Amino acid sequence: MAETKIPKRIASIVINALKGGVVPRVGLSYITVGRKAEIDALLADIDMVMDGGATFRFVEGRYGSGKSFLLQAVRNYVMDRGFVVIDADLSPERKLHGNNGQGLATYRELISKMSTKTRPEGGALGMILDRWLMDIEDAVEASGINPGESAFYAECVRRQKLALAPLNEMVRGVDFSRILLNYSEGRAAGDSELQTRVMKWLRAEYSTRTESKRELGVNLIITDDDWYEYVKLFAVFLHSIGYSGMMMMVDELVNIYKIVNRISRESNYEKILTMYNDALQGKAKWLGIIMCGTPECISDTRRGIYSYEALRSRLTEGRFSKEGCSDMLAPVIKLNPLNYEEMTVLVEKLADIHAVMFGYQRSITEKDLILFIKAEYSRIGADSHITPREVIRDFVELLDILYQHPETNVGSLLGSGSFEFAKPGPADDSDSIPEFEL
């Protein structure tokens, strides 16, 4: 295999992230293997969103099967296509619905992680607003009106209102537009405090309408019940100022599955149903939604998403799907395990990247790689429990040991019994998943 042309800094990020069991935010193109059908299916949705539609997909897979990797790959792709991405992991404190701020906590996480191609690490909201206003100012100046003229600001405001016009027909749209115009007023007047208050409102940090009315003149705040309406408003606004659309990604749906209280759990499923219906019925525009979860938290008819009949009837597979012949256009995409050949290609890529990271000539051979893969897949329980995460973890550990102890060879390590297959722990067993009250 040809030498991998990856910068050392990126190589370090990739290896360290994978060693820690997380997906790197950069460098994915160097380790992408397989998942072509799944990625193609999700990317097919992008064209629909760019045409003004909305899409909703679930990605189902066991822990370590590659759900987060798939999300990150799609995230990088859509940002390159001019999308804004918001993403969040659910947790005991972050839900889709809750009476004690859990829904707002998710919204705040989504907005704080708002990302673009030029700000992929998140925190892009302020930059987006400033860029919008600067682009308008540049266009007005290019039209022949100088910034010092009295007509300059009036023309800027006219163009801002024109961009915000599509929002006025939407729920909460008029007030949302008023908030954005407040940001413009603050910029024109050099009032950074006003701009800060607008950002505070957009991040749902006002706790009472009275406070919002006093500071911004808007008798409205974002709440647990209506935060999703503002996600839809953001999607339309972002398109109106030049972005291709918005992609919303939510991981760790298992945290809804864990909720003990049935009413609280079903309230979250009702929120999912609202989003799903909006996407398919055309009530949302320029918005793509992807949610990820384990098989249990989706298909369990006792507590999972399928326990909510309105969702189960919409999402259940038909009679013709089977293993190896899945419908990738269905609402639920089920991740199939990577095969031996794909895993062999993946570990070869990792061996090259590891060599770049530590600056040595790769010595591990293709025969060694095949021996490693055979050893991993021959362990008891591998057929049903092995995932890319376990294989990658073991392989990076193997590479680390070989680098630190060059006198050691792969055959002796694999024959020593040092690399035992990880037995499924509580996180892999739905019957022993810890629960919590909402």
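# Contacts, cavities and a pocket in a predicted model

User: Among contacts in the protein between residues at least 6 apart in sequence, what percentage join residues at least 24 apart?

Analyst: This is a predicted model, in which local features need pLDDT of at least 70 and side-chain atom pairs count only at pLDDT 80 or more, while totals for chains, interfaces and linings use all residues. Residues are numbered from 1 along each chain as its sequence is written, and side-chain values use heavy atoms, with hydrogens and water left out. A contact means heavy atoms within 4.5 Å. Among contacts between residues at least 6 apart in sequence, the part joining residues at least 24 apart is 70%.

User: Of the 438 residues of the protein, what percentage count as buried?

Analyst: The protein has 19 helices and five strands; these are DSSP runs numbered from the N terminus, with helices being H or I of at least four residues and strands E of at least two. Buried means under 20% relative accessible area, exposed over 50%, and partly exposed in between, using a 1.4 Å probe and protein chains only. Of the 438 residues, the buried part is 52%.

User: Let's look for empty space: what is the volume of the largest cavity?

Analyst: On a 1 Å grid over the protein atoms alone, a cavity is a set of points where a 1.4 Å probe fits but cannot get out, a pocket is an open set with protein on both sides within 12 Å along at least five of seven lines, and lining residues have an atom within 4 Å of a point. Grid points are joined across faces, edges and corners, and a volume is the space filled by probe spheres set on the points. By this rule there are two cavities of 30 Å³ or more. The largest cavity has a volume of about 40 Å³.

User: And which helix and strands each supply at least two residues of the lining of the largest cavity?

Analyst: The residues lining this cavity include Leu 42, Asp 45, Thr 55, Arg 57 and Ile 289. By type, the lining has six nonpolar, two polar and two charged residues; Ala, Val, Leu, Ile, Met, Phe, Trp, Tyr, Cys and Pro count as nonpolar, Asp, Glu, Lys and Arg as charged, and the others, Gly among them, as polar. The elements that each supply at least two lining residues are helix 2 (36-50), strand 1 (54-60) and strand 4 (287-293).

User: Which element gives the largest share of the lining of the largest pocket?

Analyst: The largest pocket has a volume of about 840 Å³. Of its 36 lining residues, Val 22, Val 23, Lys 67, Ser 68 and Phe 69 lie nearest the centre. The lining divides into 18 nonpolar, eight polar and ten charged residues. With seven residues, the largest share comes from helix 3.

User: Strand 2 also helps line that pocket. In strand 3, which residue is the bridge partner of Val 85?

Analyst: Strand 2 is mostly covered, with six of its seven residues buried. Two strands pair if DSSP finds at least two bridges between them, and strands 2 and 3 do so in the parallel sense over seven bridges. Across that pairing, the strand 3 partner of Val 85 is Met 247, a residue that also appears in the lining of the largest cavity. The bridge partner is thus Met 247.

User: Which residue caps the N-terminal end of helix 8?

Analyst: The buried residues of helix 8 (192-202) include Leu 194, Arg 197 and Trp 201. Its buried residues pack against helices 4, 5, 7, 9 and 10. At the N-terminal end, a side-chain oxygen lies 3.2 Å from the backbone nitrogen of Glu 193. That oxygen belongs to the capping residue, Asp 191.

User: With which residue does the side chain of His 354 make a polar contact?

Analyst: His 354 sits in helix 15 (340-358) and is buried, because its relative accessibility is 0%. Not counting residues up to four places away in sequence, His 354 touches residues including Ile 15, Leu 399 and Tyr 403. A polar contact is a pair of N or O atoms within 3.5 Å; within protein, one must be able to donate a hydrogen and the other to accept it, and residues adjacent in sequence count only if both atoms are side-chain atoms. At 2.7 Å, the side-chain partner of His 354 is Asp 400.

User: How far apart in space are Met 170 and Val 236, C-alpha to C-alpha?

Analyst: Met 170 lies in the loop between helix 6 (150-164) and helix 7 (173-189), and is partly exposed because its relative accessible area is 23%. Leaving out residues up to four places away in sequence, Met 170 touches Lys 232, Leu 233 and Val 236. Met 170 and Val 236 are 66 residues apart in sequence, and their C-alpha to C-alpha distance is 9.6 Å.
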